[in-house]
Amino acid sequence: MSRPLSDQERRKQISIRGIVGAESVAELKRGFNRHLHFTLVKDRNVATPRDYYFALAHTVRDHLVGRWIRTQQYYYEKDPKRIYYLSLEFYMGRTLQNTMINLGLQNACDEAIYQLGLDMEELEEIEEDAGLGNGGLGRLAEPFLAVLEVPRAGWPRHRSGPLWQVEEADDWLRHGNPWEKARPEYMLPVHFYGRVEHTAAGTKWVDTQVVLALPYDTPVPGYMNNTVNTMRLWSARAPNDFNLRDFNIGDYIQAVLDRNLAENISRVLYPNDNFFEGKELRLKQEYFVVAATLQDIIRRFKASKFGSTDSVRTVFDSFPDQVAIQLNDTHPAMAIPELMRIFVDIEKLPWNKAWDITKRTFAYTNHTVLPEALERWPVELVEKLLPRHLQIIYEINQRHLDHIASLFPNDVDRLRRMSLIEEGGTKRINMAHLCIVGSHAVNGVAKIHSEIVKTQVFKDFAALEPEKFQNKTNGITPRRWLLLCNPGLAELIAEKIGEDYVRDLSQLIKLHEFVDDDLFIREVAKVKQENKVKFALYLEKEYKVKINPSSMFDVHVKRIHEYKRQLMNCLHIIAMYNRIRRDPDKVFVPRTVIIGGKAAPGYHMAKMIIKLINAVAQVVNNDPVVGSKLKVIFLENYRVSLAEKVIPATDLSEQISTAGTEASGTGNMKFMLNGALTIGTMDGANVEMAEEAGEENLFIFGMRVEDVTELDREGYNAQEYYDRLPELKQAIDQIASGFFSPQEPDLFNDVVNMLFHHDRFKVFADYEAYIKCQEKVSELYMNSKAWTKMVIRNIAAAGKFSSDRTIKEYARDIWHVEPSDLKIPPPNEPRDAGEEKTPNGAA
């Protein structure tokens, strides 16, 4: 249980986590007891810790509701342009603590829960991470929450069983969700299958199967500004509980199966981040989100003052001025033909007018340059599932190719490269091409990534419309990734430069004044050490491995993929292990290497990488010669709430992807902000981090993009590196011989074979530079003061990587809206008469 704060500590406490007032604490206690009794129908004699969590969550939500309603009223009154961030993933993590911080209630809630005799940390740990995503794509989406539409679904949860990744269903809703509000009054039909009829009256999509989309709204508060926006999640429902015709003739089983088929759409989503694997259910999910969302957008637009004119054609003239839809990667690409279907088939707009409005409404964010991650749907599947949309895509493509042909006569190869339909073998629709053609803006998510998008991946499109292509470097929210997860560092910074940096992260640059301040250096080092001790205790409890908190915490957490090169890290672990074994008495800087992440279920090599890391850990951690000098941990079920624990405790952040393969990364930014130093290649956002902090303040190694290109031209021969580098040869031989898998000596043959013959990401080519750079890391770590000074320079340079900056750039350059200085009044302030009424269109 948390100890009470002393009066001196209370006076010193920084208000970025809220002020502790007796009145607010008493109010929170009353709310807590009221919900325990009247919402949960429990008393303290029978209540469980989970009941206490729910009582606290409902109490905190009470402080959201008035602001939430007032925000929607304000939007209806002012009718601003609405931004819809359309994504298949929103990797939210936990809600309780984030909400308390954004409302300024954290300290008051801590005090109230302490006075009630409960443990706040225990209650926070009860909350499940929302199962709405799996990686950086979903994490990036969280700060963009305005009015957002995504499926309410569970993602598979991953854990390591006996050294293997094992997928388990992530039933994160099994205990209910205190943050969401069902909106059955806005349930919408979504159609699948059927056929298309062309008549004199127009085109109709008929004989379809209908699934209902039930919206669930979740409040998303801004930081200390009274604004509470909405994340709208969709859940699939069968039109009837049972197919009564089948039920009446005795086919009860078929009736239940039909219902389950409909509701499977939002039951689970494929975790295919950076690894596209086409399935009918996945396409259903993507269209389900799109169709429900666009119906909702049209309804809301028509209910606004801009949609109230009698003429349909006049109504939609203002649509792009009032609606912006950002496509987060290609997963929601079906929104483009769907909006065309609505405009042309239902609203009866002429094609050219509908297409102009559609293009001015949509913008597309690309998240990957890897061919295997780009969605390409088989034409046959789309024709079966969405026959009208295939016709629309063909029409879009024909007009697009006619335009290209008029500009480049007789250039058949260019037509092939730029077509939305890929011929040869199975005909497929290139969804990235559809997004580019159907959008007015295309952006990458880091400077180097955006340049590769323009000059390599989509160079024909960029040459045709260069003004369409932009860069928007990713950002992270300092509220979650500093205030919430690292309060000690957040408060230390606030003491030095004031609290305004929380809203304007660029103010971190003021920390440069304290780089040579011995007291500040010691305080920063102390915060880091406290975080490490706390995380070491967590690891010891969860993994039964005793960790040396003074060792360097060397952390590599992200999706498991060959291009992220967890294998190179593993080879370094083996090299360190062999060095210790070879000369146990030699000075060695102790390390705890922590690797975490999930592999797509169908990605065999990624699963083998997890298996290898665990096998190496088993040997290293149980070797008495090694002792506490080297420990290896693979984090099970890596997720947002676990990231919030490990990132503040990290000394060294591994960002070692092959140059030119990582779009951006956001984990690298989180580590930088929390005082970890980066070892990395010049890839993704690492490039801009090095620009901001100075390359001398990161551990940069390895090939640049041009070096990779040159090596591809010359031909990469892994055998040359194996023959030349003795430590690399020893490590590979140990893996191949079964040293780490004595029960199955051939277990890692696929890994070794890939490294020698099929390694597109050239692990061996960067290995030597990586090892030498790691030696520089160890050398600096022995000088605590010099290390911490470099840490401070990195924190001071992290200001650019705020999501606040990113979103302002999207707003200005893509959505063409200016951030408003107007503040939404708090819900308890006087309002004009009639303001309590919120018309249906506002919801």
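Which residue forms a salt bridge with Glu286? The partner is Arg282, and the closest N and O atoms of the pair are 3.2 Å apart. The model is predicted, and its salt bridges number 56. The points below cover two pairs in helix α10, a network, a pair between distant parts of the chain, and helix α25.

**Glu286 and Arg282 in helix α10**
- Helix α10 spans residues 280-303 and contains both Glu286 and Arg282.
- The two residues are 4 apart in that helix, so about one helical turn separates them.
- Glu286 has a relative accessibility of 1%, which is under the 20% limit, so Glu286 counts as buried.
- Arg282 is also buried, its relative accessible area being 0%.

**Arg300 and Asp296 in helix α10**
- A second salt bridge joins the side chains of Arg300 and Asp296, at 3.2 Å from N to O.
- Helix α10 holds both residues, with a spacing of 4 residues, or about one turn of the helix.
- Arg300 is buried at a relative accessible area of 4%.
- Asp296 counts as buried too, with 0% relative accessibility.

**Salt-bridge network**
- Asp296 and Arg300 belong to a network of salt bridges.
- Arg183, Asp217, Arg232 and Arg299 are linked in this network as well.

**Asp712 and Lys762**
- Asp712 forms a salt bridge with Lys762, and 2.8 Å separates the closest N and O atoms.
- This pair links distant parts of the chain, the two residues being 50 residues apart.
- Asp712 lies in helix α29 (residues 705-714).
- Lys762 sits in the loop between α32 (749-757) and α33 (763-781).
- Asp712 has a relative accessible area of 48%; exposed requires over 50%, so Asp712 is classed as partly exposed.
- Lys762, in contrast, counts as buried, with 5% relative accessibility.

**Helix α25**
- Helix α25 runs over residues 604-621 and has 18 residues.
- From its first C-alpha to its last, α25 reaches 26 Å, close to the 26 Å expected at 1.5 Å a residue.
- Of the 18 residues of α25, 15 are buried, so the helix is largely enclosed by the rest of the structure.

How values were computed. Residues numbered from 1 in each chain as written. Predicted model: local features only at pLDDT ≥ 70, side-chain atom pairs only at ≥ 80, totals over all residues. Heavy atoms only, no water. Expected span 1.5 Å × (residues − 1). Buried < 20%, exposed > 50% of the residue type's maximum accessible area, 1.4 Å probe, protein only. Salt bridge = Lys/Arg side-chain N within 4 Å of Asp/Glu carboxyl O.
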